[in-house]
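Hi,

Here is the structure I promised to pass on. Have a look at it first, and then read on for what turned up.

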Amino acid sequence: MTAAVSLESISIVLVKTSHPGNVGSVARAMKTMGLSDLRLVEPKTADICCAEEAISLASGAADVLESARIYHTLPDALADRSVAFALSARLRDLGPSLQSPQQAAREALHLTQTGVGAAFVFGAERTGLSNDELLVCNRQVTIAANPVYSSLNLSQAVQIVAYALRTEWASGLPDAVANSLSANLLKGEKLASVKAVADLQLHWLQAMEAVDFINPDKPKKVVQRLARMLAKTPLEQEEVDMLRGFFSDVIRVVDNRLYPHEFERKKP
């Protein structure tokens with residue numbers, strides 16, 4: 001791995017965390033492996049990082065807690081990340097292919113090397129990531145635990161991923177792997193963020209609804225299929241902008257035909 005690759009540029013995102021002790025333990029797990037970018041989405045309390053239990057269990061990683069950022073939504077937390085790895089044992093019929101922590105770490109490090117932001121996303125302690133949260137992410141990682149008892153504490157799961165990142169970073173990325181990973185990346189092009197792709201997906205569904213392609217109350221598996229398709233290849237921001245422009249026009253034309261008088265009134 002070249003010196004240009006930094007573990008500090010890979011984000012750990014915790015969604016709806018409720019226990020301050022878990023946040024502190026996660027901060028410690030991160031710092032021991034060289035990670036520092038901690039992001040929290042809808043934690044139980046806004047001052048969870050300042051709680052005495054969090055600071056105590058961080059055990060010297062208070063700087064990670066102090067620099068942690070809080071977001072209202074998962075897409076907001078991923079606004080500057082182009083790839084998000086969801087940690088979940090929940091299998092989806094139309095989800096992305098599962099990766100081990102080692103495989104995900106290898107890909108994340110290479111993406112970071114090419115200037116693409118990467119994040120690992122962990123769900124709430126009791127329920128994990130919801131289906132909607134999984135759909136926001138474009139990769140899925142599962143830890144090969146005991147199938148009879150696969151319950152991992154949040155900080156333990158983060159530690160396993162952080163260790164995989166550390167060991168892959170220390171061992172270097174083989175040229176063959178680097179070349180295969182870079183085959184789908186266009187150098188010099190700005191890739192769309194996870195949030196931008198999530199917004200595109202929502203806009204796409206709105207256009208489908210406008211032309212009666214789907215019933216918004218019963219979309220069947222269209223949502224999952226669309227999310228899977230968008231996750232297959234990195235999208236450039238210009239491609240996202242082009243598609244969103246098209247969907248805006250589709251919705252505008254449909255509205256104009258359905259409500260011509262209202263459309264005329266809205267004209268400046």
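Leaving out residues up to four places away in sequence, which residues does Val158 touch? In this predicted model, the partners of Val158 are Ile12, Leu14, Val26, Ala29, Met30 and Phe122.

That is a good way into the nonpolar cores. Val158 is one of the residues with the most contacts inside the largest core, together with Ile12, Leu14, Leu38, Phe120, Phe122 and Leu165. This core holds 42 residues in total. Helix α7, which covers residues 154-171, supplies the largest share of them, at seven residues. A separate core of 20 residues lies apart from this one, and includes Ala207, Met208, Ile214 and Val250. As general background, nonpolar side chains in soluble globular proteins tend to be buried together.

Next, the empty space. Searching the whole structure gave two cavities of 30 Å³ or more, and the largest cavity encloses about 130 Å³. Its lining is made up of 14 residues, and those closest to the cavity centre are Ser82, Asn138, Thr233, Pro234 and Leu235. By character, the lining of the largest cavity splits into nine nonpolar residues, three polar and two charged.

Asn138 also comes up when you look at Ala231. Ala231 sits in helix α10, residues 222-231. If you set aside its neighbours within four places in sequence, Ala231 is in contact with Asn138 and Arg139. Its relative accessibility is 15%, so Ala231 counts as buried, the cut-off being under 20%. Another pair to find on screen is Ala231 and Ala84: they are 147 residues apart in sequence, with 9.9 Å between their C-alpha atoms.

Finally, the cysteines, since you may well wonder about them. How many disulfides are there? The count is zero. For Cys49, the closest cysteine sulfur belongs to Cys50 and is 6.6 Å away, which is too far for a bond because a disulfide needs the two sulfur atoms within 2.5 Å. As for accessibility, Cys49 is buried, with a relative accessible area of 12%, and Cys137 is buried too, at 5%.

If you want to follow this on screen, you could begin at Val158 and its partner Phe122, go on to Asn138 by the centre of the largest cavity, and end at Cys49 and Cys50.

Happy browsing, and all the best

Methods. Residues numbered from 1 in each chain as written. Predicted model: local features only at pLDDT ≥ 70, side-chain atom pairs only at ≥ 80, totals over all residues. Heavy atoms only, no water. Core = buried A, V, L, I, M, F, W, Y, C linked by side-chain atoms within 4.5 Å. Buried < 20%, exposed > 50% of the residue type's maximum accessible area, 1.4 Å probe, protein only. Helix = DSSP H or I, 4+ residues; strand = E, 2+ residues; numbered from the N terminus. Contact = heavy atoms within 4.5 Å. 1 Å grid on protein atoms, 1.4 Å probe; cavity = no way out; pocket = protein on both sides within 12 Å on 5 of 7 lines; lining within 4 Å. Points joined across faces, edges and corners; volume = space filled by probe spheres on them. Nonpolar A, V, L, I, M, F, W, Y, C, P; charged D, E, K, R; others polar.
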